Amino acid sequence: MTLSEAISKIDELKPNHYTQEQKAKWIEDLDERIKVEIIDTHEGADKVVFKGYDPETDADTVLLVPAPYDEVYVFWLESRIDYSNSEIARYNNSISNYNAAYNAYANYYNR
C-alpha cells in the first residue's frame, strides 16, 4: 500500500476534515513505531530504510507493512480520527481493530 492509497481509503470509508499532511504524519508515526518495535529487532534491519514522510514525500511511496497486513494503516487512521474527534466509543472500536491488525503483522514478522 502506498501513502496516497492509505489516505484515499480512509477518506472514502470515513470522510473527515483532517489534512493530507496530518494523515501522512499519523502514518509516519505508525511506520516509525513499526520500524523500531518490529523491524529493528531482527537481523537485516539495516536494509529497511525509513526516513519519515513530509510534505515533499512522493505520494506513491510504499509503506512498510505489506499486504495482506496493510489494513493496519486504515485502522490506525480511523483510530486517530475518532480520537481527535473525541468519539470515544468509536475510538475504542477502531483502536481494537488496529491493535489486532498490528499484532497480526508483528506475529507474522516475528515468525
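Ser86 is exposed in this predicted model, because its relative accessible area is 57%, and exposed means over 50%. This serine sits in the loop between helix 3 and helix 4. Ser86 also has a positive phi of about 60°, although it is not a glycine. Lys23 offers a contrast worth looking up in the structure: this lysine counts as buried. Below are some places to visit as you explore.

**Loops**

- When you find Ser86, look at its backbone, where phi is positive at about 60°.
- Another loop to visit lies between helix 2 and helix 3, and Pro68 is found there.
- Pro68 is joined to Ala67 by a cis peptide bond, with omega at about 5°.

**A buried lysine**

- Lys23 belongs to helix 2.
- Is Lys23 buried or exposed? Lys23 is buried because its relative accessibility is 1%, and buried means under 20%.
- Which side chain makes a polar contact with the side chain of Lys23? The partner is the side chain of Asp11, at 2.5 Å.
- Leaving aside residues up to four places away in sequence, Lys23 touches Ile7, Ile10, Asp11, Asn16, Tyr18 and Leu77.
- Ser4 is 19 residues from Lys23 in sequence, and their C-alpha atoms are 9.9 Å apart in space.

**The nonpolar core**

- How many residues does the largest nonpolar core have? This core has 32 residues, and those with the most contacts inside it are Ile27, Leu30, Ile34, Leu63, Val72 and Tyr73.
- Four helices each supply at least two residues of this core: helix 1 (3-13), helix 2 (20-37), helix 3 (71-84) and helix 4 (88-110).
- Helix 4 provides the largest share of the core, with seven residues.
- Try selecting Tyr73: not counting residues up to four places away in sequence, Tyr73 touches Met1, Ala6, Ile27, Leu30, Asp31, Ile34, Leu63, Leu64 and Val65.

**The largest pocket**

- The largest pocket holds about 210 Å³ of space.
- Its lining is made up of Leu3, Ser4, Ile7, Gln20, Glu21, Ala24, Lys25, Tyr53, Asp54, Pro55, Thr57 and Ala59.
- Sorted by class, this lining has six nonpolar, three polar and three charged residues.
- Helix 1 and helix 2 each supply at least two residues of the lining.
- Which helix gives the most to the lining of the largest pocket? That is helix 2, with four residues.
- Ile7 turns up twice on this tour, since you can find this residue in the pocket lining and also among the residues that Lys23 touches.

Key. Residues numbered from 1 in each chain as written. Predicted model: local features only at pLDDT ≥ 70, side-chain atom pairs only at ≥ 80, totals over all residues. Heavy atoms only, no water. Core = buried A, V, L, I, M, F, W, Y, C linked by side-chain atoms within 4.5 Å. Buried < 20%, exposed > 50% of the residue type's maximum accessible area, 1.4 Å probe, protein only. Contact = heavy atoms within 4.5 Å. 1 Å grid on protein atoms, 1.4 Å probe; cavity = no way out; pocket = protein on both sides within 12 Å on 5 of 7 lines; lining within 4 Å. Points joined across faces, edges and corners; volume = space filled by probe spheres on them. Nonpolar A, V, L, I, M, F, W, Y, C, P; charged D, E, K, R; others polar. Polar contact = N/O pair within 3.5 Å; in protein donor to acceptor, adjacent residues only side chain to side chain.
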